[in-house]
Amino acid sequence: MTWMEYGRRPLLRVGGRSVAWLLPLLLLAGVVVADFTTGERLRMISWIVLVPGISSAICGAWTTAGYGLLAVATYVFVDTAWPEQYQAGLGDFILVAVGGALATLAAAVRVRRERQVVHIRDIADTTRRTVLRPLPPDWAGLEQAGVYLAADVEARVGGDFYDIQPSPHGTRVLVGDVQGKGLGAVEAAAALLGTFREAGYHEKDLATVAERLEIRMLRHRSHTVALGGADGDRFATAVLIAFPGDAPQTLEMVNFGHEPPLVVGPRGVRELPSGEGLPLGCADLAGGLLPPVRRVPLAVDETLLLVTDGVTEARDGPGDFYDLTREVARAVRADPRRAAPHRLVRRVRDGVLRHSGGRLEDDTTIFAVRRLPGGGGPPGEDLEQGRLRY
């Protein structure tokens, strides 16, 4: 269940139906019973003003207005049933009437704000789906699974990004993390993903794709500064991966200062070289040199696990970091089937949330891919009746 769906669900559901309206009704009945049982020395009927007040917190405006009218009518009925010398009188009647009106107004304001929040969440979800487009579980010769957890639950979007791009030259994967938070980080992530989807498809050489990403980061910063923004020093760490179609036992990798990927398989867990590469947008600090393209072995039964620093920097109560390599190795030793991408991602996600007590200090991305069994290779490009076929 997503947070947006949670925000839309009425409270106190039984059998799929909301029963929140029962609470004010039970309170009303309790006040009436209490008023008759406590006797004339302690009149409780004035407490009926709480009925529309409770309704305003959990029910809609019209339901609250109905409870306000019901509270007034019940007050009049119960109070006039007592002898005149024991009646609460006009003062408490005004209290109940004004309380019902104010409760109705409060409910209307609350419902309006809830609708605004849901609308904002819809916009945020649309933005997230645009930046992090949905990926099929089996696509382009790869089995994949990924999860994104925003540190700010209400924001729902951040600077982490990942994508898979099939191409005639093999399948390319990009995972990264833009420095900073907010819409500026989202815009930078969207710019990098747009370039990756184009360059990752058209460019044969992975080094050229890496160069295009670096240039895009610099152009994005320049454009932001020209508009008066303060993002002139924004950068992004990233890992660019290629699964060559002609080398099923290897992968190519360019690491822009990102967390080193882990290779997880039946033979254990190993960490790939992190390299000496600087983040995207920082090549000028190294004289314009980009990180090298490395070729590393990857067996067909091994899974590549890529995470952002929200995982490795997750802390528990005493301040200890989450030990990703140790936890993954322990899980795979206990059950080698946990190396499957969807199980691996779920295991790491649960481990991070458990380790941090659910308090994420940074946006967190967990992404795992491995080649599909049976030798399913990446798609090629065929021209048939003037159309591209994948």
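This report walks through a predicted protein model, from its overall make-up to one helix and two sheets.

## The big picture

Let's start with the whole chain. The protein has 390 residues, and 44% of them count as buried. Its secondary structure comes to ten helices and 15 strands.

How do the contacts spread along the sequence? If you take the contacts with a separation of 6 or more, 70% of them are between residues 24 or more positions apart.

## Helix α2 and its two sides

Helix α2 covers residues 22-38, which makes 17 residues. At 1.5 Å a residue it should span 24 Å, and the C-alpha atoms at its ends are indeed 24 Å apart, so the expected and modelled spans agree. Right after α2 comes Gly39, with a positive phi near 85°.

Which residues of α2 are buried? They are Pro24, Leu28, Val31, Val32 and Asp35. These residues cover an arc of only 95° around the axis, which means they sit on the same side of α2. Here's a handy rule to go with that: an α-helix has 3.6 residues a turn, so residues three or four places apart point the same way. Turn to the other side of α2 and you find Leu26 and Thr37, which are exposed.

## What α2 packs against

The buried residues of α2 pack against two other helices, α3 (50-58) and α4 (61-80). Take α3 to begin with: its axis and that of α2 come within 9 Å and cross at roughly 170°. An angle over 145 degrees counts as roughly antiparallel, and α2 and α3 are therefore roughly antiparallel to each other. On the α2 side of this meeting are Leu23, Pro24, Leu27 and Leu28, while α3 brings Leu50, Val51, Ile54, Ser55 and Ile58.

## A closer look at Val32

Val32 is found in helix α2. Is Val32 buried or exposed? Its relative accessible area is 18%, and buried means under 20%, so Val32 counts as buried.

Leaving out residues up to four places away in sequence, Val32 touches Thr74 and Val78. You can also look at Asp79, which is 47 residues from Val32 along the chain: the C-alpha atoms of these two are separated by 9.9 Å.

## The five-strand sheet

Now for the strands. One open sheet has five of them, in the order β5-β6-β7-β8-β11, and the pairing is antiparallel. At the edges stand β5 and β11 (294-297), each pairing on one side only. From one strand to the next, the twist averages 20°.

Strand β6 (residues 170-178) is mostly covered, with nine of its nine residues buried. Eight bridges join β6 to β5 (residues 160-167), and a hairpin of two residues links β5 to β6. Across this pair, Tyr162 stands opposite Val175, and Gln165 has Arg172 as its bridge partner. Another eight bridges join β6 to β7 (residues 236-243), where Leu174 stands opposite Leu240.

Two helices go with this sheet. Helix α6 (residues 182-202) lies across β5, β6 and β7, running at about 15° to β5. Helix α7 (residues 206-226) packs on the sheet too, touching β6, β7 and β8 (250-256), and its direction makes about 155° with that of β7.

## The six-strand sheet

A second open sheet is built from six strands in the order β3-β4-β13-β12-β9-β10, again with antiparallel pairing. The edges belong to β3 (138-139) and β10 (268-271); each has a single partner strand, so one side of each is left without a neighbour in the sheet.

How many bridges join β9 (residues 262-265) to β12 (residues 303-307)? There are three, and the two strands run antiparallel. One of the residue pairs here is Val264 with its bridge partner Thr303 in β12.

This sheet has helices packed on it as well. Helix α9 (residues 324-334) touches β9, β10 and β12, and its direction makes about 10° with that of β9. Helix α10 (residues 341-356) touches β4 (142-149), β9, β12 and β13 (364-371), with its direction at about 20° to that of β4.

Terms used
Residues are numbered from 1 along each chain as its sequence is written. This is a predicted model: local features need pLDDT of at least 70, side-chain atom pairs count only at pLDDT 80 or more; totals for chains, interfaces and linings use all residues. Side-chain values use heavy atoms; hydrogens and water are left out. Helices (H or I, at least four residues) and strands (E, at least two) are DSSP runs, numbered from the N terminus. The expected span of a helix is 1.5 Å times one less than its number of residues. Buried means under 20% relative accessible area, exposed over 50%, partly exposed in between (1.4 Å probe, protein chains only). The arc is that of the directions from the helix axis to the C-beta atoms. Contact means heavy atoms within 4.5 Å. Two strands pair if DSSP finds at least two bridges between them. Axes are lines fitted to C-alpha atoms, for helices over the stretch in contact, and angles run from 0 to 180 degrees between N-to-C directions. Angles under 35 degrees count as roughly parallel, over 145 as roughly antiparallel, 65 to 115 as roughly perpendicular and the rest as oblique.
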